[in-house]
Each structure stands twice: as structure tokens, then as C-alpha cells.
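Open the structure in your viewer and keep the sequence panel visible. The stops below say what to select and what is there.

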Amino acid sequence: MRRYTPEEVRARLADLGEWFHNIELEGVPTAPDHFLHDYPNVKWKTFAHAVPADLTGKTVLDIGCNGGFYAIEMKRRGAERVVGLDTDERYLAQARFAAEVTGQEIEFRNLSVYDVAKLEERFDLVLFLGVLYHLRHPLLALDLIHDHVAGDLMILQSMQRGATATAPVRPDYDFWEKAQFDTPAWPKLHFIEQAYAGDWTNWWAPNAACTEAMLRSSGFEVLEHPEAEVFVCRRAERPTPDGAVYPARGEARA
């Protein structure tokens, strides 16, 4: 393992561009002026206790790994193998550098959540943190994770807006019943047509009931809800036959 000096780290950080994950590398923070402060460490502290403390012999998939903060934490907990996915080459370069400086052997690949079938492998733990609301097809993403890579546990974190209340829903409603759609606890997925917080990739903002409902619909049992935006789940049977779809690719026509 090569040891970097703080000066070498600072120079490399400048070369790698702006960071979203704040990770301390040889005493040097990668994103000291983050608008969410020490992020994602401040978020991690709220649900770290819900992640198995000993991951010895386990495999972990980190979907949307960004700068590698969570992938590194999984290796620090003893995971035998960690794979991080992202579609942004800048983030992948940052993650590889952070893993190198911290001495963690992690595989990083340029793949999206829609590509997970290419891995041809199920993982003991899947991390799906801060990704769902950036996707135009969020339910498809959950279906693909369920069908192809989730072996046991999945931890999901999503930005949420709207009501925080949740309540049981009946298995079915009459066509003429409409009042439930206006109750705060009814699952709602708010669509963002243009941008939110200056980010055009913020497509959706589920309320709390919607996040749970989407997980159940995709075949995940919610085991724990350690933090407002975080759900610890276990892969189970999907309640309905419908799952992931695979559209045929045809030639685009003007």
C-alpha cells in the first residue's frame, strides 16, 4: 500500500474535480464545504448501527457509489468483496483514489442500476443510497435489483418530501372510492418535471408511505426503519407476478 502525503492528496483531489462525498484522506477532507456539511458521514451515523458490524465473508454491491464512502465503510467492516457501480467516470476516478489511499481493495465499474443483470451475481448486501429519486424509472430499478442482484439484505435511502405518516391500506378499493387519494398517509410519488435544488436529475420525491409501498411491491420486506429516509430490507417474494420489463431496442425514427 502506497502512503500519500497530505500535499500529494491535495494535488490529486484538485485534479479529480469537485467531490460530493466528503472523505478524510490522510487528514485532508475531499469536500470540506459541502452544503450538507460532513456528508455522507452525518447521514451514515444515523443508520450505521443497522448495518451488520461484521461483514466477514460477505459480498456487497454499492449501486451509485459516487466517491466511494460507503464502499470503503463496507470493506472496513470486513466484507470479502465490494463492488461499486456508477455511471459518472469522475466519481469512479474519485472512488478508486479514495480506496487506494485508505488501502481498501474494491472493484468499481461503470454501470447503471438498469445494467445490474450484467453482473450475473447475487450479493449478500445491496446498498441503494441516494439514487432512487434520480431515476426516471424508479420502480423498474427496484425490480431489476430484486430479480438479479439482491441475495438477502438491501439498504435503501431516498430523499422524501410530503407527509411522513404511514398507515395500512386495504388490499382493494371500489372504483368509486376516491377519498383515500387525498389522505396524507396514501403513497404518493411526486413528479419533478424540471429541476429541484438546481438538479434536473431529481425526478421524483416520494412520501414516506410511497417508499415503503414501492419496496413491498418490488418484493422487499422492510425489516427496520432506522432513519427517516433509510429502509433496511430483506429480499422476499414479489406480491404480484409483474416484475422487471425488458423493452426491445428498435431503430430510432425521426
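How many aromatic pairs does the structure hold? The structure, which is a predicted model, holds 12 aromatic pairs.

**Stop 1: two aromatic pairs and a cluster**

Select Y4 and F97. Their rings make an edge-to-face aromatic pair, with 5.3 Å centre to centre and 85° between the planes. Y4 sits in the segment before α1 and F97 in helix α4, so the pair ties together parts that are 93 residues apart in sequence. Both Y4 and F97 are buried.

Next select F191 and W203. This aromatic pair is stacked, at 6.2 Å centre to centre and 15° between the planes. F191 belongs to strand β8 (residues 189-191) and W203 to the loop between β8 and β9 (204-206), so the pair ties together parts that are 12 residues apart in sequence. Is F191 buried or partly exposed? With a relative accessibility of 47%, F191 counts as partly exposed. W203 has a relative accessibility of 12% and counts as buried, because the cut-off for buried is under 20%.

For a group of rings, select W44, F47, F69 and Y70, which form one aromatic cluster.

**Stop 2: helix α4**

Select residues 89-102, which are helix α4. From first C-alpha to last, the 14 residues of α4 reach 20 Å, close to the 20 Å expected at 1.5 Å a residue. Begin at the N-terminal end, where D88 caps α4: a side-chain oxygen of D88 lies 2.8 Å from the backbone nitrogen of R90. Then go to the other side of the helix: just after α4, G103 takes a positive phi of about 75°.

Now colour the buried residues of α4, among them Y91, L92, Q94, F97 and V101. What do the buried residues of α4 pack against? Their partners are α1 (6-15), β1 (24-25), α3 (69-76), β4 (81-86) and β5 (107-110).

**Stop 3: strand β7 and its partners**

Select residues 150-157, strand β7, which is mostly covered, with six of its eight residues buried. Add strand β6 (residues 123-129): six bridges join β6 to β7, and the two run parallel. Then add strand β11 (residues 230-235), which is joined to β7 by five bridges and runs antiparallel to it.

Which residue of β7 is the bridge partner of V126? It is M154. M154 also has a bridge partner in β11, namely C233. Picking V126, M154 and C233 therefore lets you step from β6 to β7 and on to β11.

Show helix α5 (residues 138-149) as well: β6, α5 and β7 make a right-handed β-α-β unit.

**Stop 4: D143 in helix α5**

Stay on α5 and select D143, which is found in this helix. D143 is buried, with a relative accessible area of 8%. Leaving out residues up to four places away in sequence, D143 touches S218, R238, G243 and A244.

**Stop 5: P52**

Finish with P52, in the loop between α2 (41-47) and β3 (59-63). P52 has a relative accessibility of 30% and counts as partly exposed. Apart from neighbours within four places in sequence, P52 is in contact with R77 and L153. Set a distance label from P52 to L125: the two are 73 residues apart in sequence and 9.6 Å apart in space, C-alpha to C-alpha.

Methods
Residues numbered from 1 in each chain as written. Predicted model: local features only at pLDDT ≥ 70, side-chain atom pairs only at ≥ 80, totals over all residues. Heavy atoms only, no water. Helix = DSSP H or I, 4+ residues; strand = E, 2+ residues; numbered from the N terminus. Expected span 1.5 Å × (residues − 1). Buried < 20%, exposed > 50% of the residue type's maximum accessible area, 1.4 Å probe, protein only. Contact = heavy atoms within 4.5 Å. Polar contact = N/O pair within 3.5 Å; in protein donor to acceptor, adjacent residues only side chain to side chain. Pairing = 2+ DSSP bridges. Right-handed = clockwise from strand over helix to strand, strands pointing away. Phe/Tyr/Trp six-rings, centres within 6.5 Å; stacked < 30°, edge-to-face > 60°.
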